[in-house]
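This report covers a metal site, the internal cavities and the domain arrangement of one protein model. The structure is shown first.

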Amino acid sequence: MLILCRQDLTDHEREEILAAARNAGFEPFFAHSGRIILHGPGDAAPLSDLPGILSIEPLPDRPVLAKEPGNAVVRVNDVEIGGGAFTVVAGPCAVEEKARLIDLAHAAKSAGCDLLRGGAYKPRTSPYSFRGLRAVGLEYLRAASDATGLPVVTEILDAQDVELFTDTADMIQIGTRNMMNYELLVAVGRAGKPVLLKRGMGSTIDELVHAAEYLLLEGAPGVVLCERGIRTHEPSTRNTLDLAAIPVLKGVASLPVIVDPSHATGRRDLVAAMGRAAAGAGADGVMLEIHDDPDCALCDGPQAIHPENLSALVDNMRKISALAAEAEDLL
Ligand code: PEP
Ligand code: MN
């Protein structure tokens, strides 16, 4: 059964409900959106009169919060994702030198981008690869955000770092490798920050939406889904961009959907084409990796586009996105 509690439930009321649920033969789990999940053979009827309880219903068999129309627009400071505008997130793969990051942030801002990205904690295949500046990188991101006004999104790897990220990031990213790290999803969901959730490289659309449901159930104030390519047998690109995932996700969830053509292709020469395709397929935005000297980038140089090419691409994608919105009803 699923108990929906009042938003302003007191600690005392919560403990009373949990104790009564255990007495009634259930194993209860309190989720931070104010829902209590009951498993076990008990009878929930005696709980219904307890203070703080709004309703008791059977457990849903599919994601429901991810489908709520109220979750269709995600706010990151002053930026709205999913409200009809085409949002562009841009920045380097990894945070490197502070001055370079600030220059890239200014370039992103003047090209019309809305958010700054940059990895301070990098999940790398090889332990010998650059794994990020870590806490110092978060500081640099904050400085770049303060210099430009662009909100910052950055990837978390470990639930122990949630507080650090809550203090420095405007939006927390869960990367492809951690989409199914359910304890991390719970911890990040409780952080009170909007989340950018990237699709696991081997995950289905249904698994992605369920992962979003974890975050929302723990009270995340917004989740944006990101299609970033999946593993297939095709070796010409780093991953295979699943463009159909955009309209499929729009059907099964209400959440904004953005596309990452950089990681999807791994190739700078394909990023613009796939960014335009994403705009045409109805995405709410894109996330792009940029670097002023890609050959020397510490991570993912081959897929980084030069900032001087950004402005034209951003304008182009926004035009295509507007055209696609006009044609939304065509079959
Ligand atoms: C990233 O966006 O920095 C990243 C590591 O992407 P992904 O998790 O999609 O590989
Ligand atoms: Mn990268």
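A cavity here is a set of grid points where a 1.4 Å probe fits but cannot get out, and its volume is the space filled by probe spheres set on the points. The model is predicted.

**Cavities**

By this rule there are 2 cavities of 30 Å³ or more. The second largest cavity holds about 30 Å³, and the largest about 40 Å³. The table sets out volume and lining for each.

| Cavity | Volume | Nonpolar lining | Polar lining | Charged lining |
|---|---|---|---|---|
| Largest | about 40 Å³ | 7 residues | 1 residue | 3 residues |
| Second largest | about 30 Å³ | 2 residues | 4 residues | 3 residues |

The second largest cavity is bounded by Arg 117, Gly 118, Gly 119, Tyr 121, Lys 122, Val 153, Thr 154, Glu 155 and Gln 173. Strand β9 (residues 152–155) supplies the largest share of this lining, 3 residues.

Around the largest cavity lie Pro 92, Cys 93, Ala 94, Glu 96, Glu 289, Ile 290, His 291, Ala 297, Cys 299, Asp 300 and Ala 304. Among these lining residues, Cys 93, Glu 289 and Asp 300 also appear as donors to the manganese ion (ligand 2).

**Manganese site**

Which residues coordinate the manganese ion (ligand 2)? The donors are Cys 93 through SG, His 263 through NE2, Glu 289 through OE and Asp 300 through OD, at 2.0 to 2.4 Å. Their spacing in sequence is C-x169-H-x25-E-x10-D. Within this set, the pair His 263 and Asp 300 links distant parts of the chain, 37 residues apart. His 263 belongs to helix α8 (residues 261–265), whereas Asp 300 sits in the loop between β14 (285–289) and α10 (310–326).

Are His 263 and Asp 300 buried or exposed? A residue counts as buried when its relative accessible area is under 20%. His 263 has a relative accessible area of 8%, so His 263 is buried. Asp 300, at 15% relative accessibility, therefore counts as buried too.

**Domains**

The domain assignment divides the protein into domain 1 (2–59) and domain 2 (67–330). Taken over C-alpha atoms, the centres of domain 1 and domain 2 are 36 Å apart. The contact involves 7 residues from domain 1 and 6 residues from domain 2. By these bounds, helix α8 (residues 261–265) falls within domain 2 (67–330), as does strand β9 (residues 152–155).

Definitions and conventions. Residues are numbered from 1 along each chain as its sequence is written. Chains are lettered from A and ligands numbered from 1 in the order in which they are written. This is a predicted model: local features need pLDDT of at least 70, side-chain atom pairs count only at pLDDT 80 or more; totals for chains, interfaces and linings use all residues. Side-chain values use heavy atoms; hydrogens and water are left out. Donors are N, O and S atoms within 2.8 Å of the metal (3.2 Å for Na, K and Ca); water is not among the atoms, so sites may look incomplete. Helices (H or I, at least four residues) and strands (E, at least two) are DSSP runs, numbered from the N terminus. Buried means under 20% relative accessible area, exposed over 50%, partly exposed in between (1.4 Å probe, protein chains only). On a 1 Å grid over the protein atoms alone, a cavity is a set of points where a 1.4 Å probe fits but cannot get out, and a pocket is an open set with protein on both sides within 12 Å along at least five of seven lines; lining residues have an atom within 4 Å of a point. Ala, Val, Leu, Ile, Met, Phe, Trp, Tyr, Cys and Pro count as nonpolar, Asp, Glu, Lys and Arg as charged, and the others, Gly among them, as polar. Domain bounds come from an automatic or database domain assignment. Contact means heavy atoms within 4.5 Å.
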